[in-house]
Amino acid sequence: MRTEDPRPIRLKDYTPPAFKVDEVRLEIELDPADTRVRSQLKMRRNAGTGPLVLDGEKLKLHEVSIDGVKLGPNAYQADGEHLTILDLPEGPFTLETLTSCAPEDNTALTGLYLSSGIYCTQCEAEGFRRIAYSLDRPDAMSVFTTRIVADAKAAPVLLSNGNPVAQGKLADGRHFAEWHDPFPKPTYLFALVAGDLVHVEDKFRTLSGREVTLRIFVERGNEDRCGYAMEALKRAMKWDEEAFGREYDLDIFMIVAVSAFNMGAMENKGLNVFNDKYILARPDTATDADYAAIEAIIAHEYFHNWTGNRITCRDWFQLCLKEGLTVFRDQEFTSDMRSRPVKRISDVRLLRAHQFTEDGGPLAHPVRPDSYIEINNFYTATVYEKGAELCRMIHTLAGPKRFRKGMDLYFERHDGEAATVENFLDALADGAKLDLAQFKRWYSQSGTPEVLASGRYDAARKTYTLKLSQVCAPTPGQPVKEPYHIPIALGLVGPDGRDIKLQLDGEEKPGATTRVLSLTEREATWRFRNVADKPVPSLLRGFTAPVKLSTNLKERDLVFLMAHDSDSFNRWEAAQRYATGLLIAMVDAQKKGGAPRKGTAFAETIRKLLVSKKTDPDFAAQMIVLPSEQTLAQAIGKDVDVDAIHAAREGLRASIAAQLKDELLAAYHALAIDGPYSPDAAHAGKRALRNACLAYLAVGPGPEGVELAAAQFAQADNMTDEIAALSVLAHIDCPERVAALEKFYARWKDNHLVMDKWLSIQAMSALPGTLGEVKRLTGHPAFTMRNPNKVRALITAFATMNQLRFHSADGKGYEFVADKVLELDALNPQVAARLLGAFKSWRQFEPKRRNAMARQLKRVAAGERLSRDVYEIASKTLG
Ligand code: TRP
Ligand code: ZN
């Protein structure tokens, strides 16, 4: 147990900083055990009359001076979190501190740390205070000049934000480099990287004709795996110019890839730092999914230069201002680079799996939270993914042209500022000429609204009446919700499978076939005229709002829509709804001993997709995969029995595989690609469909499936096909499985990123011995608790992607993960708290599992010397 409960920080308590820091000058002398930081802050009073309180953690303080005069020990106070100075000059002054920190002891990976011998920083959200005393808050923006001193052999490369201004040799084999960043920025965007790095270089000419140098720095030996990241960066730079009119602003843009990193990547000004998993790619080591993630994250961090850096956040409650908006921007980029419907489908899958779960459980919070204990716990699916959905809804309501006008105005008004959600909404409302007053509730109300739709066709009057209503269930601290402004795109599909031109009551003539209705009341009705025949409604096309939609559509309507809907997203949605209904019925039937269903209509849809030459393979791959076990658990919602879900889903898969054996085999062979690997969307789509066929074949009748998988594993010339075959085998208890896992290890044991895949595949196996294997692997040389990627590859994969085994009825899976949370908390609280998130939906399981989960949560909550991070998640999850 913690000795004292940490106090929450509240949005309503925001006050502007008492001091302004116009300039920061840093001189950092790197040493693993004793890095010396001399910091000069040029400051002046901004507001109030109080003392100067600077943030600082885990720092050894050697000296404090003001305007060059050293302060005596009574002139300041330093505790573990702050440096307080009472007596200050009236006018501007320079505060100098000399402190040290120990990067080699830093296992939390926030502040300055060592990653495989490379010095590297992570300052967001509050890591800078572990480097130097500072006003470590996003609304304190300064111009930084950074001088780095280090041993020239150990650290030949010395990098920081901005432009290089000086470098040279020093005595004793040391050298220095000085960087100057002319753009005022908050401390969280500061970065320093130093070490024995190599780089690849390219150039980019901006819209206005300036030439920018692009460099990607990696550990020696990885130079041959940066090409895709560099191409993706240039595509992102060009896209931001075209789509948003945003140009890059420094002469150099640098990216560094490191192997120890808490998150995906970080947008430090001019010096992005990446988890190397999202940079390094070669066809034989990276999958299509890796390539897609690299492209998206490179773009995301690059786009932050405008949405995050040029316009930053006033305080951390405004995090969605940069994250939601930047996710929306990277989603749009990917949609333009690849297939828009497939991107939308995978984003909605992700949203439902993570954000809807979060919003429906004890950790539900608004997109703009009103309080937090540890800000690192608020880099959530809600802030990122739902935050992006809110931007998307504004885009839907405004249309592309007016949205762009709104964004232009936002940049014009707030460039160089630390802004708020209100600033953003005002700019969008003014620029796009929208009324967003009611829409704003999306930012403050948590929970997923439910929309109920019912339609009625009047054959005599040729009208179709649609009634929509909304409710939102209570969430922690929010018993009552006001109605949301919900944009709902819809179409009406005629019996011939064609969209009907829509004409609402009071309109002169029919118009578009898809239109957006705004549901703003608790209930509203629309009537469409001149509807010749009874239509099937296609609602929430493109998933225009993050809501749960219930309709009175029948099974046959869903079968009709999955064959005919002109909106690809809704074709997929109809198929998923149909399959979900079927699977839930199968779960119920198991309990009551009824006969399982064969899923003939679903199999028929798959058959048509497989034989059709017209469907995009990438889209077909999305269509034929059944809803995941987690999705089904969520749809069932209470007293979930994971064994029953697994059995039903595997039963249906086997049934489909048996019905479609010939078509699956034919498609598998027809989709083989001749010629060299290319990561582009067209080729990736073929591989995705082919591997989805393989997964079915492996659970189908006869040995061919396993034989095919083993052959594909042996012959694959790219990691996508190699890993797809291995994942199929990993679920099947057969000699081919053992042989493939051994061979894979022998082939890739020196490649840490590929080893992560090897760990994950074993952690996700449905076989009964998986927990034992995972425990054994925690002692394997390929694993270490000190690297977040390893923890995520093995333990997080087991806890979040193996519903069957993590939730085993004996509670052993829970006990293991809770043990690891406690062990990890002493090393890396951020990653430990995230892992504990695996318990967040504990209330949805049947009593035995629910109680076992609660027991482990309580055990974690009672842990000694708990971090704020884990304390907050444990206590809030228990509720
Ligand atoms: N700002 C980063 C992004 O989304 C996220 C991030 C990287 C982060 N490292 C972090 C957040 C450490 C919290 C802590 O692009
Ligand atoms: Zn981001």
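**From a buried proline to the ligand and zinc sites**

Pro 103 sits in the loop that runs between strand 9 (93–101) and strand 10 (111–115). In this predicted model, Pro 103 has a relative accessible area of 1% and is therefore buried, the limit for that class being under 20%. Its C-alpha atom is separated by 9.5 Å from that of Ile 131, a residue 28 positions away along the chain.

A further loop, between strand 11 (118–122) and strand 12 (142–151), contains Ala 125. The peptide bond that joins Glu 124 and Ala 125 is cis, with omega at about -5°. Most peptide bonds, by contrast, are trans. Glu 124 also leads to the ligand site, as it is listed among the closest residues to ligand 1.

Ligand 1 is surrounded by 15 residues, and the closest are Glu 124, Ala 265, Glu 267, Glu 301 and Tyr 384. By class, this shell comprises five nonpolar, five polar and five charged residues. Both domain 1 (9–287) and domain 2 (312–444) take part, each giving at least three residues to the shell. Three side chains place polar atoms by the ligand. For Tyr 384, a polar side-chain atom lies 2.5 Å from an oxygen atom of ligand 1. For Glu 323, the partner is a nitrogen atom of the ligand, at 3.1 Å. Lys 322 likewise has a polar side-chain atom 3.5 Å from a nitrogen atom of ligand 1. On its own, ligand 1 has 370 Å² of accessible area, and the protein covers 97% of it. Two or more residues of the shell come from each of strand 20 (265–266), helix 2 (288–303) and helix 3 (319–337).

Glu 323 has a second role in the geometry of this region, as a donor of the zinc ion, ligand 2. The protein donors of that ion are His 300 and His 304, each through NE2, and Glu 323 through OE, at 1.9 to 2.1 Å. Along the chain these donors follow the spacing H-x3-H-x18-E. His 304 belongs to the loop between helix 2 and strand 22 (312–313), whereas Glu 323 belongs to helix 3, so the pair ties together parts that are 19 residues apart in sequence. His 304 and Glu 323 are both buried.

Two loop residues offer a contrast to these buried positions. Lys 58 is placed in the loop between strand 4 (52–55) and strand 5 (60–66). Its relative accessibility is 67%, and Lys 58 is exposed because that class begins over 50%. Its phi is near 55°, a positive value although the residue is not glycine. Asp 172 lies in the loop between strand 14 (163–169) and strand 15 (174–185). Asp 172 is exposed as well, with a relative accessible area of 67%, and its phi, near 60°, is again positive in a residue other than glycine. Most residues other than glycine have a negative phi.

The last stop is Val 821, in helix 24 (residues 812–825). With a relative accessibility of 0%, Val 821 counts as buried. In sequence, Val 821 and Leu 836 are 15 residues apart, and their C-alpha atoms are 6.4 Å apart in space.

Definitions and conventions:
Residues are numbered from 1 along each chain as its sequence is written. Chains are lettered from A and ligands numbered from 1 in the order in which they are written. This is a predicted model: local features need pLDDT of at least 70, side-chain atom pairs count only at pLDDT 80 or more; totals for chains, interfaces and linings use all residues. Side-chain values use heavy atoms; hydrogens and water are left out. A residue is near a molecule or strand if one of its heavy atoms lies within 4 Å of it. A polar contact is a pair of N or O atoms within 3.5 Å; within protein, one must be able to donate a hydrogen and the other to accept it, and residues adjacent in sequence count only if both atoms are side-chain atoms. Accessible areas come from the Shrake-Rupley method with a 1.4 Å probe; for residues, only the protein chains shown count as cover. Helices (H or I, at least four residues) and strands (E, at least two) are DSSP runs, numbered from the N terminus. Ala, Val, Leu, Ile, Met, Phe, Trp, Tyr, Cys and Pro count as nonpolar, Asp, Glu, Lys and Arg as charged, and the others, Gly among them, as polar. Domain bounds come from an automatic or database domain assignment. Donors are N, O and S atoms within 2.8 Å of the metal (3.2 Å for Na, K and Ca); water is not among the atoms, so sites may look incomplete. Buried means under 20% relative accessible area, exposed over 50%, partly exposed in between (1.4 Å probe, protein chains only).
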